[in-house]
Amino acid sequence: MPGFRAEITPVVLTRDEEVNIGRTLGQLHWAREVIVVDSESTDRTREIAASFPNVRIVVRRFDDFAGQWKYAISFVTTAWLLALDADYFVTDTLAAELDTLTPPPEVDGYEASFRYAVHGRPRRGALYPPHAVLARRGVATFAMDGHAYRIGVAGRVERLRQPIIHDDRKDLRRFIARQKKYMHDEAAKLRAMPWRAAGGAGKIRKLRVVAPFAVALHTLFVKGAILDGRAGWRYALERVLAEAILSWELLRSSSRA
C-alpha cells in the first residue's frame, strides 16, 4: 500500500548545477515525478536531469527565487510539494520518514534542519537555520527574505526528525561569485531593517567589520568546525568570506550615503 510519499512531488531549482544535480535526483527515485525548474543553465545540468526517467524539466529565466517557486508550483499535481535546492541531499532515512507522515488537517507544513557537508563529509554543526521544505500545495506561498526565499503556510508547521544534507560541491570561485550577488540583496535587507528589529545576528552584521571575525569564532569553536579537519576549515572559510562580502556591501552603501 503506498505511503505518504505518493502525495509528494519534489521540486528542484537549478542553474549551472552539473556537479550537484545527479546526486540530488538520485535520492528522489521514490517520487513518481520530480519537477526541475532550470534557470537557463549553460552547463550539463539539464542533460543530467533528463537522464532520470521520473524527472520533468521546465525552463524559466531567473528573476528571483520567489518568482521561480511561484512558477514551479503550477506544475505540481499532488497535494504536497517538497521544495529543494540542487545541493540538498535527501537521505534514505529522511525519505523513509516522509513515507510515514500522517499530517492532521491543521498541519500545513514541515520544516527540516540541515547538516552541512563538504565533499560528502557531514559536519558537526552549521549556521544554516531550519526552515520549511514540505508544504501543502494549495496553501504554500513564497517570498524573498534578503537573498533567500521563505515558504509560508497558513496552518501549523511541524519539525521533521531527520535533517537534509546540504552538500554543495561547486568550487570556491563559483561560491564567491554567487555570494557577491546574494550579499548585495542581503545588504539591502539589512539597510532597510531598524536596529530594534535586527535580532542578535542582524545587529552584529550591521556593525559591518565585526561580523567576519564573529562568524569565524562562532563557526570554529561554538559549532565545532575546528574538530572537523579540512572540511571544517573549508566551511569556516566560506562563512567568513560570505560575511566579508556582506560587510563590504554595507560599507560601500554607507560611503555613498
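User: In what order do the four strands of the open sheet come?
Analyst: Happily, we can read this from the model, which is a predicted one. The sheet is open and its pairing is mixed. Going across it, the order is E5-E13-E7-E8.

User: Which are the edge strands of that sheet?
Analyst: Look for strands that pair on one side only. That description fits residues 88-89 and residues 121-122. The edge strands are therefore, by the pairing rule of at least two bridges between strands, E5 and E8.

User: Which residue in E13 is the bridge partner of Tyr88?
Analyst: Let's start with the strands: E5 pairs with E13, residues 164-166, in the antiparallel sense. Two bridges join this pair. Within E13, the bridge partner of Tyr88 is His166.

User: Is Pro53 buried or exposed?
Analyst: Pro53 sits in the loop that runs between helix H2 (45-50) and strand E3 (55-59). Its relative accessibility is 84%. Exposed means over 50%, so at 84% Pro53 counts as exposed.

User: How far apart are the C-alpha atoms of Pro53 and Asp63?
Analyst: Along the chain, these two residues are ten residues apart. In space, their C-alpha atoms are separated by 28 Å.

User: What span should helix H5 have at 1.5 Å a residue, and how far apart are its end C-alpha atoms?
Analyst: H5 covers residues 172-192, which is 21 residues. At 1.5 Å a residue, the helix should span 30 Å. The end C-alpha atoms agree with that, being apart by 30 Å.

User: At the start of H5, which residue's backbone nitrogen does a side-chain oxygen of Asp171 reach?
Analyst: The side-chain oxygen of Asp171 comes to within 3.3 Å of the nitrogen in question. That backbone nitrogen belongs to Arg173.

Key. Residues are numbered from 1 along each chain as its sequence is written. This is a predicted model: local features need pLDDT of at least 70, side-chain atom pairs count only at pLDDT 80 or more; totals for chains, interfaces and linings use all residues. Side-chain values use heavy atoms; hydrogens and water are left out. Buried means under 20% relative accessible area, exposed over 50%, partly exposed in between (1.4 Å probe, protein chains only). The expected span of a helix is 1.5 Å times one less than its number of residues. A polar contact is a pair of N or O atoms within 3.5 Å; within protein, one must be able to donate a hydrogen and the other to accept it, and residues adjacent in sequence count only if both atoms are side-chain atoms.
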